[in-house]
Amino acid sequence: MHKKITNIKQLKLIANTIRQDVIRMLLEAKSGHSAGSIGLADIFSALYFNVLYHDPKNPSWPDRDRLLLSNGHVAPVLYAAMANADYFPKEELMTLRKLGSRLQGHPHPGSLPGIENSGGPLGQGLSQAVGMAIVAKAERKRWRVYCAMSDGEHDEGQTWEAIMLANKYKLNNLTAIIDRNSIQMDGMTEDILPLEPFAEKYRAFGWRVIEVDGHNIAKFIEACEEAKAVYERPTVIIAHTIPGKGIPYMEYLSEWHGKTPSKEQADEAITLLEEERKRIEEE
Amino acid sequence: MLKTKEMYLIEDLLTSKNAVSLRDGFGKGLLEVGQENHNVWVVTADVQESTRVNWFAEKFPQRFVQIGIAEQNMAGVAAGIALCGKIAFMSAFAAFSPGRNWDQIRVSICYTNANVKIHASHNGISVGQDGATHQALEDIAMLRALPNMIIIVPCDVEEARKAVKAITNRFGPAYIRTSREKVITFTTEKTPFEIGKANVYREGKDAAIFACGLEVYESLKAAEQLSKEGIECAVIDCHTIKPIDHDCILEWAKKTKLLISVEEHQIYGGLGGAIAEVLSEEQTGAILKRHGIHDTFCESGDAKDLMRKYKLDANGIVEFVKEALKSIP
């Protein structure tokens, strides 16, 4: 089983590494989704190095926690976290989206061990997670199901179908993690199709809601722990994040949802992230 | 010539009154595999009685999930269950599943190669009175294009039961299509059933009728009528549409000059389409005439009246075959 890291400074450094890896991957791939992947680095550092019970050397360990990625387009952050957790060699990150690569543009379980599901068309992941959680609960398994989702994919009706079913089966073994970065392809979520009052919607659907700053690793881990102590309901962690966090020219901008940095922009990002890394080390 | 003995068909095939709905065969098969295999789970979208999964649900409530009227979620949940190492059956009406969850079937089930068995009842015009909205006539075409998917359309209740067992024992996505209308049970426990291998129930030199579902029995009756007029037709139960029985099609394309497909589906993309694809790549000299629904929506009405109107009953098939024979030099 993977050893849990509890030192927050160390988790921050891993998040910084993940951000740098994502930038290099996207520069090399020349296509992919930047802002969401960068914005999720802190959460994925927390998940793969603290929250999840898993074993990178035995990806199909039956008692592992399941992490499903619903918005598959943030695959770069998933791959970077997995490589840093030793699921596969880090060099392989540079094969992202290339012919013959195990790192498909959107994740595929048949291509890479450790991937639990395929998510690309939005709104499908939570249904799959609910199916898994129903089985785990019926069979009294101790493993949990985590489903990482985007806020934008709540435009999809299927998401709400799954939210209702999770409530019906009182899936206390299910934690949904929403990247509330407020952007989607064509602009801001509240302009495209308003989601607010978002937390209230989930509460009305019978879920326990925890809102956190998605860049505060300690608080995020605390929320994941809190979810384990809820016995009657599924939990959703609405993690407020800044798209492109840590790379100022990318932050908050929906135009960075689906594009990749140029060589100059990537160099600038790496320089900024290296400075950030020094600040973390000095903390 | 009917191959009653060789294929273990019932003796009174043409006069039997023992008609049962195909969905009963599905429900029975599901109950059997549920008993034999504790990894079998079932999900449905508010149609448990109509699809006969209620028989499983009553016996194994702990392995049954009532999704509600949410076919997209149903497909995703079934995939999730399957990804836990289970065999997940999802059952609903074809007009809605795969009618409105094709994307979920494509990605959550087929791309993932999840062990999900999709059962759709209430197919074709034999749904009758509900009308065109509920008469799924495009489902085979929708699913045939998906990698990893196999497609079975059983001809009677016994074959439906066997098909459930066969797809349970074969890993991967599968689609089984049944109808609500009752059909004579003319195959028996001993009649062979192998995925991908068509059953020849009748031999004949003038034409070979490839049929699936309810149309197999109608084609057998049609062949008897034609025989009285001196026209000898083979009748083949092409229960597996994907993978299609390539060898059987080519064998009959060499034995006869005319192949006819008969299905309760649009003539595009279903059984007829699959046979056309095989024939177009080989030099056989035979031609294919496709019969089914000819690119139209149908309408409300009694199932038997509709089958008559759209010429999918025995008399209609007789007419179609005679017309088709005119195109043979």
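Over the ring of which residue does the charged end of Lys259(A) sit? In this predicted model, the ring is that of Trp256(A), and the charged end of Lys259(A) lies 4.5 Å from its centre. A charge over a ring is also found in chain B, where Lys255(B) is placed over the face of Trp252(B) at 4.3 Å from the ring centre.

Aromatic pairs number 12 over all chains. One of them joins Phe44(A) and Tyr48(A) in a stacked arrangement, with 6.4 Å between the centres and 20° between the planes. The two residues are 4 residues apart in helix 3 (residues 41–51) of chain A and are therefore separated by about one helical turn. Phe44(A) is buried, its relative accessible area being 1%. Tyr48(A), with a relative accessible area of 3%, is buried as well. Tyr48(A) also pairs with Tyr87(A), here edge-to-face, at 6.0 Å centre to centre and with 85° between the planes. Because Tyr48(A) belongs to helix 3 of chain A and Tyr87(A) to the loop between helix 4 (75–84) and helix 5 (125–138), this pair ties together parts that are 39 residues apart in sequence. Tyr87(A) has a relative accessibility of 15% and counts as buried, because the limit is 20%. Elsewhere in chain A, a single aromatic cluster is formed by Trp160(A), Phe198(A), Tyr202(A), Phe205(A) and Trp207(A).

Over all chains, 35 salt bridges are counted. In chain A, one of these is formed by the side chains of Arg180(A) and Glu196(A), with an N to O distance of 2.9 Å. Arg180(A) is located in strand 3 (residues 174–180) and Glu196(A) in the loop between helix 7 (189–192) and helix 8 (198–204), so this contact ties together parts of chain A that are 16 residues apart in sequence. The partners are not alike in accessibility: Arg180(A) is buried at 3%, whereas Glu196(A) is partly exposed at 41%.

In chain B, helix 1 (residues 22–36) comprises 15 residues and spans 21 Å from its first C-alpha to its last, close to the 21 Å expected at 1.5 Å a residue. This helix is mostly covered, with 11 of its 15 residues buried. Among the buried residues of helix 1 are Leu22(B), Asp24(B), Phe26(B), Leu30(B), Glu32(B) and Val33(B).

Two of the acidic residues in this helix, Asp24(B) and Glu32(B), are buried and take part in salt bridges. Asp24(B) is bridged to Arg52(B), with the closest N and O atoms 2.7 Å apart. Since Asp24(B) is in helix 1 of chain B and Arg52(B) in the loop between strand 2 (40–44) and helix 2 (54–59), the pair ties together parts that are 28 residues apart in sequence. Asp24(B) and Arg52(B) are both buried.

Glu32(B) forms a salt bridge with Lys165(B), in which the closest N and O atoms are 2.9 Å apart. This pair links distant parts of the chain, as Lys165(B) lies in helix 6 (residues 157–168) of chain B and Glu32(B) in helix 1, 133 residues apart. Lys165(B) is partly exposed, with a relative accessibility of 22%, in contrast to the buried Glu32(B). Both residues belong to a network of salt bridges that also includes Glu36(B), Glu158(B) and Arg161(B).

Conventions:
Residues numbered from 1 in each chain as written. Chains lettered and ligands numbered in written order. Predicted model: local features only at pLDDT ≥ 70, side-chain atom pairs only at ≥ 80, totals over all residues. Heavy atoms only, no water. Phe/Tyr/Trp six-rings, centres within 6.5 Å; stacked < 30°, edge-to-face > 60°. Buried < 20%, exposed > 50% of the residue type's maximum accessible area, 1.4 Å probe, protein only. Lys NZ or Arg CZ within 6 Å of the ring centre and 35° of its normal. Expected span 1.5 Å × (residues − 1). Salt bridge = Lys/Arg side-chain N within 4 Å of Asp/Glu carboxyl O.
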